[in-house]
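Here is a short report on one protein model. It moves from the whole chain to a sheet and then to the aromatic rings.

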Amino acid sequence: MVVACAPAASPGLSCCVVLIPSLPPGFLQSPALKMHRVLLASLWLLAASPTFSVFQKPTGSPATPRLQYLLEPLHTAVHTQRGATATLPCVLRALPRNYRVKWSKVEPANYGENVIIITNGLYHKNYGPLSPRVHLRHSHRYDASLTITDVTLEDEGRYRCQLVNGLEDESVSLMLHLEGVVFPYQPINGRYRFNYHEAKRACEQQDARLATYQQLYKAWMEGLDWCNAGWVLDGTVHYPIINSREPCGGRLLLPGIRSYGAKDKQRDRFDAFCFTSALQGEVYFIRGHLNFKEAGQACRNHGATIAKVGQLYSAWKFLGLDRCDGGWLADGSVRYPITTPRQRCGGLPEPGVRSFGFPSKELRTYGTYCFVGT
């Protein structure tokens, strides 16, 4: 028997051939055959084994954490409602010497940050318009969490907790999200009348604020379908489509957020997408055949004011207000909220706030929706 080996194409591998001479008669039944088989198997294993070795990559020591002094927050988003109390977590894992913790609110519109509070662990100082409503939770010596009381619509956004320690500064970012409702808004004189600044003021006058793109996207996911383009907070213009149709980009386009991108805030004119959150009060209906002036007086006679559009949407969204009666609102429009759709209340299959537009203020046809704060 002869074993012949030749180098293979790949380094460290070889190819071997076993040459077996002619066997004598009766060899296949002899004990020598068994030994021959064992020898062949051994030679095959030796020939097939590569000459290189595979080593496992050493695991080494764990990676150094990104933050040395601040703990990564378990959740980077805090959800709340208007009027509630919210706490943004920021906890230290160690207390370096001569450190400070600075809280600020990130303002993407002007690429800046507004300082809210600074502490050195013993003393603190508040800054800016949030000053009367913020304090440090300080449940233990490592706790630098920020608590905001009586949350407003303007409080929503990104916040930063920064540890200031010379060359070893580090920070964590958290988002404060308000649960709310987005509604499209246009003025009495028709669609596409607002530049950006006018749209912003119009939402504020209706107990709301310009919606963010993220809020508009969430509203679209929940069923908002609107063919008129409107401003959002960052100065871009969009409209949400659920049911594709010819006047809204065509039937062939998929559902989604149609975008016009960033527009000239002074020159370009569109509608507005407003956002409001939980109601700090109550909206109720007064039945009657009232003109607009009489509607306002009827609310004042009850110690209330005529409700704003955002207040009606909030009462519908958060308090389940459901009425089939059209009523005057503060902007001169007539609307009614439907939680349980039914045939005699507009016939539309989805819940929502229905609108009769802006009828003549002298018309004595409707009741009124009033608001009383808490």
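A residue counts as buried when its relative accessible area is under 20%, as exposed when that area is over 50%, and as partly exposed in between. The model is predicted. By that cut-off, 41% of the 374 residues of the protein are buried. The accessible surface is about 21500 Å². Carbon and sulfur atoms hold 56% of that surface.

**Fold**

The protein has five helices and 23 strands. Among its contacts with a separation of 6 or more, 60% come from residues 24 or more positions apart.

Strands of a sheet pair through backbone hydrogen bonds, either parallel or antiparallel. Here, six strands make an open sheet with mixed pairing. Their order is 3-11-10-5-6-7. Strand 3 (77-80) and strand 7 (124-126) are the edge strands, and each pairs on one side only. From one strand to the next, the twist averages 30 degrees.

At the strand 3 edge, the neighbour is strand 11 (residues 170-178). The two run parallel and are joined by four bridges. One bridge partner is known by name: Ala77 is matched with Met175 in strand 11.

**Aromatic rings**

A pair of aromatic rings is described by the distance of the centres and the angle of the planes. The structure holds 15 aromatic pairs. One of them is Tyr336 with Phe356, a tilted pair. Its centres are 5.5 Å apart, with 35 degrees between the planes. Why does this pair count as tilted? Planes under 30 degrees apart would be stacked and planes over 60 edge-to-face, so an angle of 35 degrees falls in the tilted class.

The pair links distant parts of the chain, 20 residues apart. Tyr336 belongs to strand 21 (residues 334-338). Phe356 sits in the loop between strand 22 (352-355) and strand 23 (366-373). Are the two partners buried or exposed to a similar degree, or do they fall into separate classes? Tyr336 is buried, because its relative accessible area is 7%. Phe356 is partly exposed, because its relative accessible area is 44%.

Elsewhere, ring pairs link Tyr192, Tyr196, Trp231, Tyr239, Tyr260 and Phe270 into a cluster. Two rings of this cluster, Tyr192 and Tyr196, also have a charged residue over the face, as the table shows.

| Charged residue | Ring | Distance from ring centre |
|---|---|---|
| Arg191 | Tyr192 | 4.3 Å |
| Lys265 | Tyr196 | 4.5 Å |

Methods. Residues are numbered from 1 along each chain as its sequence is written. This is a predicted model: local features need pLDDT of at least 70, side-chain atom pairs count only at pLDDT 80 or more; totals for chains, interfaces and linings use all residues. Side-chain values use heavy atoms; hydrogens and water are left out. Buried means under 20% relative accessible area, exposed over 50%, partly exposed in between (1.4 Å probe, protein chains only). Contact means heavy atoms within 4.5 Å. Accessible areas come from the Shrake-Rupley method with a 1.4 Å probe; for residues, only the protein chains shown count as cover. Two strands pair if DSSP finds at least two bridges between them. Axes are lines fitted to C-alpha atoms, for helices over the stretch in contact, and angles run from 0 to 180 degrees between N-to-C directions. Rings of Phe, Tyr and Trp (its six-membered ring) pair if their centres lie within 6.5 Å; planes under 30 degrees apart count as stacked, over 60 as edge-to-face and the rest as tilted. A charge sits over a ring if NZ of Lys or CZ of Arg is within 6 Å of the ring centre and within 35 degrees of the ring normal.
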